[in-house]
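Me: I should like to learn how to read individual features of a structural model. May we go through some cases together?

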Amino acid sequence: MSVLAREAGAREAGAREAGAPAPRVVGGRVLRVGRGAVSLRVRGRTVAVTVLLLAALVLVVGTTLTTGDFPLTVGEVLRALTGNDTGAADFVVNTLRMPRVLTAVFVGASLAVSGAILQSLTRNPLGSPDIIGFTNGSAVGALVVIVLLHGSMTQIALGALAGGLATALAVHLLMIGRGLQGFRLVVIGVGVSALLLAVNSYLITRATFQEALEAQAWLIGSLGNRTWIHADAVGLALAVLLPPALLLSRRLAMVEMGDLTATALGVNVRRTRTALLIIGVALAAFATAVTGPIWFIALAAPQVVRRLTGSPAPALLSSALMGAVLLALSDLVVQRAFAPALLPVGTATGALGGTYLIWLLITESRKSRA
């Protein structure tokens, strides 16, 4: 062990004596490729949970494609997907159902990965983009385009993306010179979120009746009328941003152990945090730009995965699958259980999210008293 590592270990021990959280050790089996040039830590329980989530996602997507007002068999769906059916099944599957369910899968995965990254960076289960203001920032950007610029759907999406990124920049500027500490980031983010919520309310009061209806429909969060354009946009964003997030996941786990430990292990903490913060915010902004604000997924999916896997480290791939399953399943429920009413999926996730948040706050309060 190097002198730097020993000194860091001593400092971390002192921090633990002072009441700071202790670094967590991640277990599992290490797989090495190319004579050890590339190594990957694999935990059997995490792999099992990931496989089960993938199976659940296939089941939910299959159920979505085969059920509804126009029920289809699995064979009809497969023929439509492979281009061997040009009749009604092709229209139902490729025009109505497939774009919507893929949008749900990609948005849910993007929000869950964003939540996992931000919760790890802040070391706080409340550090998700919908709690610390990034989602409300995207909403402000979209409302500016709807109310003031009277823009198209594409322009609304770009406005939401710009709003989310601008909010992240504002939070970063407010923290310059103070360090990216988890509790401080959450507190500042909550304050910024409250301010942005007031801006949203003001913009709606300045809108015409039709603009207010359009804005309110977007603010609820919906997967209705989503086409291949929406699915392709958020799918491309996920394809670009998820690989670097996975590559940085090991460093993210080290940063979560503590700055001193991460530095002793050779991690550039500041650069790693900045890169992961950009990835997390961009994922949340792209997802919100496509569907509007959808609550609960980014907050709950990473925490549910941690409890299922029993892993102290952030499992980004499992979190992505969990987010995809939760949002696709929520959309399936609101489509089938409340038909023929067109209930936005944001109402379902919001109700679940409120219940989960109450439980989380009670649990954290009991831990702090203990």
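Me: Is S318 buried or exposed?

Reply: The structure is a predicted model. Burial is judged by relative accessible area, and buried means under 20%. S318 has a relative accessibility of 1%, so it counts as buried. This residue belongs to helix α14, residues 316-337.

Me: Which residues does S318 touch, not counting residues up to four places away in sequence?

Reply: With those neighbours set aside, S318 is in contact with T46, T50, L53 and V305.

Me: How should one read the buried residues of a helix, and which are they in α6?

Reply: An α-helix has 3.6 residues a turn, so residues three or four places apart point the same way. In α6 the buried residues are I156, G159, A160, L161, G163, G164, T167, A168 and V171. Helix α6 covers residues 153-174 and spans 32 Å between its first and last C-alpha, close to the 32 Å expected.

Me: Which residues other than glycine have a positive phi?

Reply: Most residues other than glycine have a negative phi. Here R123 has a positive phi of about 55 degrees, and F296 has one of about 85 degrees. R123 lies in the loop between α4 and α5, while F296 is in the loop between α12 and α13.

Me: Are R123 and F296 buried or partly exposed?

Reply: R123 is partly exposed, because its relative accessibility is 39%. F296 counts as buried, because its value is 10%.

Me: Which residues form a nonpolar patch on the surface?

Reply: L329, V333, F338 and L343 do, with about 310 Å² of accessible area together. Among them, L343 sits in the loop between α14 and α15.

Notes:
Residues are numbered from 1 along each chain as its sequence is written. This is a predicted model: local features need pLDDT of at least 70, side-chain atom pairs count only at pLDDT 80 or more; totals for chains, interfaces and linings use all residues. Side-chain values use heavy atoms; hydrogens and water are left out. Helices (H or I, at least four residues) and strands (E, at least two) are DSSP runs, numbered from the N terminus. The expected span of a helix is 1.5 Å times one less than its number of residues. Buried means under 20% relative accessible area, exposed over 50%, partly exposed in between (1.4 Å probe, protein chains only). Contact means heavy atoms within 4.5 Å. Patches are made of residues with over 30% relative accessible area and no salt bridge: like charges are joined within 9 Å, nonpolar side chains (Val, Leu, Ile, Met, Phe, Trp, Tyr) within 5 Å. Accessible areas come from the Shrake-Rupley method with a 1.4 Å probe; for residues, only the protein chains shown count as cover. A salt bridge is a side-chain nitrogen of Lys or Arg within 4 Å of a carboxyl oxygen of Asp or Glu.
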